[in-house]
Amino acid sequence: MKQFFSVADVDNLSGIVDEALGLKKNPFAYEQLGKRRTLGLVFLNPSLRTRLSTQKAATNLGMEVMIMNMDKDGWALETKDGVVMDGNTVEHIREAAAVMGQYCDVLGMRSFPKLQNREEDYSEDLFKKFIRFCGVPVVSLESATRHPLQSLTDLITIREHWQKEGKPKVVLAWAPHVKALPQAVPNSFAEWMCRAQAEGLVDFSIAHPDGYALSEEFTEGATITNVLDEALMAADFVYVKNWSSYTDYGKIYSVDERWLLDNAKLELTNMAKVMHCLPVRRDLELASEVLDGPHSLVVQEAGNRVWAAQVVLKRMLEQL
Ligand code: CP
């Protein structure tokens with residue numbers, strides 16, 4: 001594997017999930033694979049889970065890890081070509097990425113969207129340039145439009161907790177928030193679940209209020225409704241997440257509080273397990289009674305971030 005940026009970088013979903021669950025059973029089976037190899041993790045935005053789980057995954061594979069908090073410790077980056085750098089930016093992504101590639105065998109980068117210009121964010125210009133100029137395999141730690149390590153984790157978690165015959169019904173449910181959040185996690189979850197549905201692994205639905213439709217690029221094949229209760233009927237997994245508007249880009253509208261998932265709403269489901277990528281705002285985005293109750297998988301899900309990162313790094317190391 002040369003890059004891990006979207007579901008398109010994986011040829012067989014069942015295969016990668018099985019391999020990740022194998023690593024969970026035997027974390028140190030490949031501890032020689034990454035000996036004398038270096039992983040560089042570049043953060044332009046905050047992180048708890050992605051940073052720690054990817055570092056742990058790399059350590060399990062015998063790698064050294066270097067972390068660069070570009071937003072706090074790095075030079076201000078210029079990403080546009082053809083500009084005279086006489087403003088606040090100090091270093092161009094062309095040199096910065098190429099230099100990091102000199103020190104590292106594999107690189108990861110996190111860069112959130114600005115949520116001001118949809119075309120600019122969805123062009124993924126920064127990520128594409130980073131991949132192009134660093135010269136080594138790159139794993140996305142979340143880009144403007146996708147969070148593939150999270151989505152792989154989510155698929156692993158669904159597989160691990162689905163012990164029945166047939167396919168689980170998986171619902172992505174929009175949730176309230178007070179801030180404008182990116183569409184990266186829901187885009188990515190939808191993209192991975194649509195692919196999983198096409199491979200016969202799940203049935204996938206999305207519920208969101210009017211005005212919050214995701215780009216069709218990520219939702220082809222999903223059943224989509226504006227009625228949460230309708231989507232929750234007989235759901236086996238409910239993936240709760242807020243996102244800002246894609247059509248009225250980056251905007252948020254006030255919506256009815258009935259979009260908050262609580263125990264009463266869970267009664268509509270098939271004793272569904274509840275997932276969230278975290279961090280989560282309690283009793284705004286998801287009811288405390290759900291987070292603290294037996295339906296919640298959020299901590300186990302975060303734990304599985306290690307195995308998603310480890311299987312991706314393992315595949316990259318095998319092709320160095
Ligand atoms: N879910 C997730 O990516 O968490 P962090 O933002 O803390 O890394």
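**Exercise 1. The contact of α1 with α14**

Which residues in α1 meet which residues in α14? Find them in this predicted model, then describe how the two helices are placed and what kinds of residue take part.

*Solution.*
Step 1. Locate the helices: α1 covers residues 13-25 and α14 covers residues 305-318.
Step 2. List the two sides of the contact. From α1 come Gly15, Ile16, Glu19, Ala20, Leu23 and Lys24, and from α14 come Trp307, Gln310, Val311, Lys314 and Arg315.
Step 3. Sort these residues by type: 5 are nonpolar, 2 are polar and 4 are charged.
Step 4. Take the geometry. The two axes come within 9 Å and cross at roughly 110°. Because angles of 65 to 115 degrees count as roughly perpendicular, α1 is roughly perpendicular to α14.

**Exercise 2. The sheet around β8**

Work out the strand order of the open sheet that contains β8, and state which strands lie at its edges.

*Solution.*
Step 1. Start from β8, residues 169-174. This strand is joined by 5 bridges to β9 (residues 203-207), and the two run parallel. Another 5 bridges join β8 to β11 (residues 237-241), again in parallel.
Step 2. Check the register with single residues. Valine 170 has phenylalanine 204 as its bridge partner in β9, and it stands opposite phenylalanine 237 in β11. Further along β8, alanine 173 stands opposite alanine 207 of β9.
Step 3. Extend to the whole sheet: 5 strands follow the order β10-β9-β8-β11-β12, with parallel pairing. The edges are β10 (223-225) and β12 (273-275), each of which pairs on one side only.
Step 4. Add the twist. Ignoring direction, neighbouring strands are turned by 20° against each other on average.

**Exercise 3. Helices on the sheet**

Describe how α7 and α8 lie against the strands, and decide whether β8 is largely enclosed or open.

*Solution.*
Step 1. Helix α7 (residues 148-161) packs on the sheet and touches β8, β11 and β12. Its direction makes about 155° with that of β11.
Step 2. Helix α8 lies across β8, β9 and β11 and runs at about 150° to β9.
Step 3. Trace the connection: β8, α8 (residues 184-198) and β9 make a right-handed β-α-β unit.
Step 4. Count the buried positions in β8. Since 5 of its 6 residues are buried, β8 is largely enclosed by the rest of the structure.

**Exercise 4. Two loop residues**

Classify serine 6 and asparagine 226 as buried, partly exposed or exposed, and list their contacts beyond four places in sequence.

*Solution.*
Step 1. Place serine 6: it sits in the loop between β1 (3-4) and α1. Its relative accessible area is 8%, so serine 6 is buried.
Step 2. Leaving aside neighbours within four places in sequence, serine 6 is in contact with Arg146, Pro148, Glu191 and Trp192.
Step 3. Place asparagine 226: it belongs to the loop between β10 and α10 (228-232). With a relative accessible area of 39%, asparagine 226 is partly exposed.
Step 4. With the same neighbours set aside, asparagine 226 is in contact with His208, Pro209, Asp210 and Trp259. Asparagine 226 and proline 209 are 17 residues apart in sequence, with 5.0 Å from C-alpha to C-alpha.

Definitions and conventions: Residues numbered from 1 in each chain as written. Predicted model: local features only at pLDDT ≥ 70, side-chain atom pairs only at ≥ 80, totals over all residues. Heavy atoms only, no water. Axes fitted to C-alpha atoms, helices over the stretch in contact; angles between N-to-C directions. Helix = DSSP H or I, 4+ residues; strand = E, 2+ residues; numbered from the N terminus. Parallel < 35°, antiparallel > 145°, perpendicular 65-115°, else oblique. Contact = heavy atoms within 4.5 Å. Nonpolar A, V, L, I, M, F, W, Y, C, P; charged D, E, K, R; others polar. Buried < 20%, exposed > 50% of the residue type's maximum accessible area, 1.4 Å probe, protein only. Pairing = 2+ DSSP bridges. Right-handed = clockwise from strand over helix to strand, strands pointing away.
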